[in-house]
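Me: Please take a close look at one part of this protein, the place where its two domains meet. I would like one connected account of what is found there.

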Amino acid sequence: MSSVETPSEVDLLIVGAGPTGLYAAYYAGFRELSTAIVDSLPEAGGQVTAMYPEKQIFDVAGFPSIIGRDLVSALVEQANQFKPAYLLGRKARTVTELDDGGYLVGLDDGAELRAGAILITAGMGEFSPRPLPAGDGWLGRGMVHFVPALEEHRDQHVVVVGGGDSAFDWALSLHPIAKSVTIVHRRNKFRAFAATVRQVRELGVPIITDAQVTALRGDDAGLVEVELAVASDPAPVVLPAQTVVAALGFTADLGPIESWGLEITRRAVTVDTTMKTARERIYAAGDIAAYPGKVKLIATGFGEAATAVNNIAVALNPDAHLFPGHSSDVS
Ligand SMILES: Cc1cc2nc3c(=O)[nH]c(=O)nc-3n(C[C@H](O)[C@H](O)[C@H](O)COP(=O)(O)OP(=O)(O)OC[C@H]3O[C@@H](n4cnc5c(N)ncnc54)[C@H](O)[C@@H]3O)c2cc1C
């Protein structure tokens with residue numbers, strides 16, 4: 001999957017490429033709707049990719065357990081049967097109603113697209129990785145926030161900065177592949193699950209605590225080393241590194257969605273039983289959708305996505321059936 005040019009018009013624009021948005025993209029294709037899916041992050045998968053890519057998930061129907069990264073790959077593969085346009089690293093900013101009942105959606109890069117309907121699957125809002133101050137200018141030149149392809153780091157020295165789940169998850173998954181992995185954290189306490197921290201320690205991954213990254217250095221070929229200020233050491237510590245994974249967490253911001261004329265309570269969008277918001281042809285599903293009794297889970301989001309897309313199919317074409325037929329009947 002790779003990000004593409006913004007199409008000028010789609011039947012359905014999905015805002016958020018987390019598990020709910022990805023499943024909705026599959027479902028929209030099944031309902032023969034052309035679809036684009038926009039996400040502020042450069043990778044699909046929402047919270048799963050950003051916060052717990054290597055964790056086992058035990059409560060997704062049909063999988064007694066599945067690693068987050070594998071669930072996202074399978075969702076992308078399922079959606080890709082219908083070739084949705086992925087607009088990754090872009091944010092949906094403005095929504096303007098058109099005379100035909102559809103919407104003109106403005107993105108942060110200045111692009112605009114017409115959408116017959118909008119499905120908001122924006123979770124907690126748009127994610128932005130917290131920056132590593134010393135990493136200014138190094139993003140994409142040795143510093144990353146995600147590790148989508150582990151193999152790219154084979155035989156590299158990797159420094160992972162952070163003390164949360166994603167930092168320890170990346171360290172665990174890179175350990176068998178990289179020449180070395182070192183975790184650097186500014187405190188001596190970790191937010192990551194204790195079991196993951198224990199696993200990383202048992203593997204012998206060095207963990208440098210009470211330490212700040214003060215400089216990244218390299219040449220035209222890329223990153224070469226990382227300098228640290230470590231509280232227990234008066235001299236700077238220098239580590240070889242071809243990659244720095246800045247896993248410092250994410251900020252989430254509902255931001256522009258708050259100005260789209262929807263009913264928003266406690267950072268969630270109110271929907272009815274069809275998943276429709278206060279505006280015609282704008283629906284919401286997944287963590288961002290609110291109704292009495294809501295439970296925020298991946299499984300819930302999948303069901304809500306199917307409900308939303310089937311209702312959107314009818315909103316766009318009143319002659320369409322709400323019930324889609326069984327996918328098992330389609331060859
Ligand atoms: C550590 C952790 C462990 C978890 N474990 C489980 C578990 O075991 N089982 C389970 O069911 N659930 C679990 N969850 C919860 C689960 O991850 C969420 O319920 C699920 O990710 C919600 O999916 P979503 O697609 O609705 O939203 P999200 O995954 O939050 O995705 C929303 C996406 O929308 C994007 N976005 C938002 N606004 C915009 C905008 N304006 N423009 C562009 N993009 C935008 C965001 O960048 C984000 O990528 C866990 C959560 C965490 C944090």
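Reply: Buried area is the accessible area, taken with a 1.4 Å probe, that two parts lose on being put together, summed over both. The size of an interface is often given in this way. The model here is a predicted one.

The domain assignment divides the protein chain into domain 1, made of residues 9–127 and 251–329, and domain 2, residues 131–248. Between the C-alpha centres of domain 1 and domain 2 the distance is 33 Å. Eleven residues from domain 1 and eleven residues from domain 2 take part in the contact. Together, domain 1 and domain 2 bury about 890 Å² between them. Carbon and sulfur atoms account for 63% of that area. On the side of domain 1, the residues that lose the most area to domain 2 are Glu54, Lys55 and Arg69, which together make up 52% of what that side buries.

Next come the polar links. Two salt bridges are counted between domain 1 and domain 2, and four residue pairs are in polar contact across the interface. The side of domain 1 that touches domain 2 has its largest share, three residues, from helix H2, residues 46–51. Sorted by class, that side of domain 1 has six nonpolar residues, one polar residue and four charged residues.

Lysine 55 can be followed further. Its side chain meets the side chain of aspartate 165 in a salt bridge, with 3.7 Å from N to O. This distance falls under the salt-bridge rule because the rule asks for a side-chain nitrogen of Lys or Arg within 4 Å of a carboxyl oxygen of Asp or Glu. By this rule the count comes to 13 salt bridges. The pair of aspartate 165 and lysine 55 links distant parts of the chain, 110 residues apart. Aspartate 165 is in helix H4, residues 165–174, while lysine 55 is in the loop between H2 and E3.

Glutamate 54 is also found in the loop between H2 and strand E3, which covers 56–57. Leaving out residues up to four places away in sequence, glutamate 54 touches Ile67, Arg69, Asp169 and Ser173. With arginine 69, glutamate 54 shares a polar contact of 2.7 Å between side chains. The C-alpha atoms of glutamate 54 and aspartate 169 are separated by 5.5 Å, although these residues stand 115 residues apart along the chain.

A record adds one item. UniProt, in an unreviewed entry, places the feature "domain: FAD/NAD(P)-binding" at residues 11–299. That span is 18% helix and 33% strand, and its end C-alpha atoms lie 25 Å apart.

Key: Residues numbered from 1 in each chain as written. Predicted model: local features only at pLDDT ≥ 70, side-chain atom pairs only at ≥ 80, totals over all residues. Heavy atoms only, no water. Domains from an automatic or database assignment. Contact = heavy atoms within 4.5 Å. Polar contact = N/O pair within 3.5 Å; in protein donor to acceptor, adjacent residues only side chain to side chain. Helix = DSSP H or I, 4+ residues; strand = E, 2+ residues; numbered from the N terminus. Nonpolar A, V, L, I, M, F, W, Y, C, P; charged D, E, K, R; others polar. UniProt positions renumbered as here; feature names shortened; annotations may be inferred.
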